[in-house]
Amino acid sequence: MAVSPHSFPPRKRRPSAAAFVSPNFSAQALLDSLLCLCQEISAMKPLHFLLNRYSNSMIRKSRLLEVILEDFRRDRIVSLSASASLCLEEMYIVLQRIKTLIEDCSNGSKMWLLTQNESIANNFHELTLDLSTLLDIFPVKDAGLTEDVEELFYLLRNHCSESSAFVDPRDEDLRFRVLKTIDQIRDEIVPDYTELSEIFSRIDLRDSSSCREEIENLEDEVQNQTDEKSRSDVIALIGFVRYAKCVLYGASTPESGFQRKDSISDLALPADFRCPISLDLMHDPVVVATGHTYDRAAITLWIESGHNTCPKTGQTLAHTDLIPNRALKNLIAMWCRQERIPFDVTESNKGGINGVTLNKAALEAMRMTASFLVNKLATPLDSVNDANGVVYELRVLAKTDSGSRGFIAQAGALPLLVRHLISDDPTLQVNAVTTVLNLSILEANKSLIMETDGALIGVIEVLRSGATWEAKGNAAATIFSLSSVHSYRRRLGRKTRVIRGLLDLAKDGPISSKRDALVTILTLAGDRETVGRLIEGGVMETVSHVMNSLPEEAVTILEMVVRKGGFVAIASAFNLIKKLGAVLREGSDRARESAAAALVTMCRQGGSDMVTELASMAGIERVIWEMMGSGTMRGRRKAASLLRILRRWAAGLDRNGGVGGGDLTMVSSSRMVGDSTTIVSPSSGAIVNS
C-alpha cells in the first residue's frame, strides 16, 4: 500500500504546564490535590470506540486510588516520610499526564486519533507502568491503611504491573481501511460508497453535524503539527472527511444552533490583527521595507496609487517588495477559528492552506468534492432547501484554499451559480453571491467571472436590489476583489449601476456593509476617469453622510477624490471643510492624516474661499499645532503645510485669492526660508521645518 501506516507521525500533545512540574505542597495539600485529581479522572467518560479498553482501565484504577487516598488522610493529621512524599509528588505528575491524555483524546479529532492509534496506546501503557513503579516503591506499611484498603492497594498494584501493551485488532483494521481509501483518492479512484459508510459509522461520524465538528477539530490539529509533511497529511484527512460528508449525508446548511460569524464588525478585534490602512482584519499580512505589516491588498493598492512611502511612518520605501508575515497569518487564522469566523486566505495559484503545500491525496479529495457538488447542483433538485444546501457547501469549500477555488471553477460552477444570484430565497442568494466572492479571490477565476454570461450582471443586480444587507455587502466585496485587476477596475467604474449601488450601500447599509462599499469605492477611485462618475453620482454627499460613523474610511476616500478629481472635485467638497476640521480635532491618527492631506489639496487648488472657510473654525490653528507634535510622520508634514497655507492667507500672500482676512489670530511666528517654512511653537519653543 502506497500510504504507509507510519505516514502520520505522533501527535504533538498539549498537556498543561503542571503536568511536568513537581508540586510544592504541604503533606495535607498534596493529598488533597491527589484526591481531587483522582476524582476528576474518575468522573471522565471513557473513549467511545478507539482506545476504549485503555481509557476504561485508567478510570477504574483512578477510582481505586481515590479510595486508598481517602483512607490515608482520614481522621488524622497527615505526616509523610521523605520517601512517601517524593512518591506522591511523582504520582501527582503521572495523574496529571493521564488526565491530559484522556482529555486530549476525548476532545480532539476522531480521524486523527485513529491514525495515531498505536502511538497513543503506547502512551497509555507507559503511564500505567509509571504508576506501577510508584506503587511498588510506596511505603504502604507506614501509611496506616485499614486492612481492607491495604488489600485494595495490593490489588491495584498487581493490576498495574500485569498490564501489557495492547492495540485492538479492530481499531488497527479500521485504521488500514482509512489509509487504503485515502490512497485510492490519491490515485484518482472514487471511493466505494459502502466502504465509506462503514468507516464513518464505526468512527461515529453519522451525520453532517458530526462531520462538520470533525473538520474543525482537524483544522485545529493542523496548527499542532511542527513539520509541513505532517500538516499536509492532516489536510488530506480534512479533504477526505469533507468529501465523505457530502457523499454520505448530502449538502446541508448549519443547524439553527450552529452559530457561525460571517462578520467581525461586532468583535473586539486585536489591534495587531488590523491593517493600519483599511483597519480591517488582515487576511494576507505582508511586511514592507520599513518593517511594518499591512494587508497585501491594501498596501498593494497604496503603492499602485503612486505612493512610495510607508503609510505608518511616512518614510520612503527603499524597495516595494512585500514579504509574507506567516507567523502573524497563522495567529490570525487560529483566532478566527476560535471565534468561528471565516478566514479567506489570499494565496498563490499553488494549492495550499496557510502556506502548507498539499499532497496529491489532499488535492484529489478537493477535486472530487468540488465535482460531486457541482454535478449535484447541475441536476434538477427537489426544493430550494436542497439547492441552498449544495450552494452552501460550495461556499464553505471555496473558502478553504486556492486549490478548492480552482477545482470548483473548473467543474463549471459559475454558470450554475448565476441563476441563484437572482433567487427569491434570501438565504440562497446570500450563499450564491458569497460563493462567487470566495471564488474571485483566486486570480485565475477573476477573468472567468468577468467573462461568464450573466455572472457580473448578477453580482451587480444583488448589489442594487439584493434581498439582505449581507448579500449586498458581499456583492460589493466581490466587485472590490475583481477591481484588483486594473483593466477590470476601469470597466467596473464605467458602470453606472455599480457606482449607484455602492454609494447607496455606503449611505444606507449597516456598518459592516458600509465598510465593504467604502473600500470598494476607494479602489475604484484609483482610476481618474471613475472619479468623475463618482462625483456625478454623489460621492461627496455619501462621504458627508458617513463621516461621523466611519471617519477614517470617509476621509481616505475624500483625499483620493480631491487629489484625482481636479477642480470639480474640490469645489464639490467645499461644504465638507468644517467636517474635515472636526476630524483633525477628534479623529484617529490615520483619519487626521487623510483629513490634513485633503485640506492641503483643497486649499492649494481651491483658492482663498477654501482657506477662509477653514480659518473661520475656532481654534483650528491650535488643532494643527497639536497634530504637528503628535500625529503620524506624514500627518505632521501635511499639518505643517496646512499651517503654512494659513499663514500666507493671513499675511495676504495668497496670490490666487488676494489679501486674506485679518481675523485669524496666529499662535506662532514664522520665517520664510526659500521654499520651506521654519515654524516656532509658542508653547514649547520647538522648531518644525516643513
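Start at V287 in this predicted model. Select V287 and look across to β3: its bridge partner there is I323. Now widen the selection to the two strands. β1 covers residues 285–287, and 2 bridges join β1 to β3. The two strands run antiparallel.

**The sheet**

Add β2 to the view. The sheet is open and has 3 strands, in the order β2-β1-β3. Their pairing is antiparallel. Which strands stand at the edges? Select 293–295 for β2 and 323–324 for β3: these are the edge strands. Each has a single partner strand, so one side of each is left without a neighbour in the sheet.

**The helix across the sheet**

Next, select residues 296–304. This is helix α11, and it lies across β1, β2 and β3. Check its direction against β2: α11 runs at about 95° to that strand.

Stay on α11 and pick I303, which lies in this helix. What does I303 touch beyond its neighbours up to four places away in sequence? Show T320 and L322: I303 touches both. Draw a distance from I303 to T320, C-alpha to C-alpha. The two are 7.8 Å apart in space and 17 residues apart in sequence.

**Two packed helices**

Move to α8, residues 193–202, and α10, residues 228–249. Their axes are 10 Å apart and pack at an angle of about 110°. That makes α8 roughly perpendicular to α10.

Show the side chains at the contact. From α8, select Y193, L196, S197 and F200. From α10, select F240, V241, Y243, A244, V247, L248 and Y249. Colour this contact by class: 10 residues are nonpolar, 1 is polar and none is charged.

**The cavity**

Last stop: the enclosed space. How many cavities of 30 Å³ or more are there? The count comes to 1. About 80 Å³ of space lies in the largest cavity.

To find the largest cavity, select its lining:
- L65, I68, L69 and F72
- L88 and M91
- L135, F138, L145 and F153

Then colour the helices. α2 (52–72) and α3 (82–107) each supply at least two residues of this lining. Which helix gives the most to the lining? α2 does, with 4 residues.

Finish by colouring the lining by class. The lining of the largest cavity has 10 nonpolar residues, no polar residues and no charged residues.

Conventions: Residues are numbered from 1 along each chain as its sequence is written. This is a predicted model: local features need pLDDT of at least 70, side-chain atom pairs count only at pLDDT 80 or more; totals for chains, interfaces and linings use all residues. Side-chain values use heavy atoms; hydrogens and water are left out. Axes are lines fitted to C-alpha atoms, for helices over the stretch in contact, and angles run from 0 to 180 degrees between N-to-C directions. Angles under 35 degrees count as roughly parallel, over 145 as roughly antiparallel, 65 to 115 as roughly perpendicular and the rest as oblique. Contact means heavy atoms within 4.5 Å. Ala, Val, Leu, Ile, Met, Phe, Trp, Tyr, Cys and Pro count as nonpolar, Asp, Glu, Lys and Arg as charged, and the others, Gly among them, as polar. On a 1 Å grid over the protein atoms alone, a cavity is a set of points where a 1.4 Å probe fits but cannot get out, and a pocket is an open set with protein on both sides within 12 Å along at least five of seven lines; lining residues have an atom within 4 Å of a point. Grid points are joined across faces, edges and corners, and a volume is the space filled by probe spheres set on the points. Two strands pair if DSSP finds at least two bridges between them.
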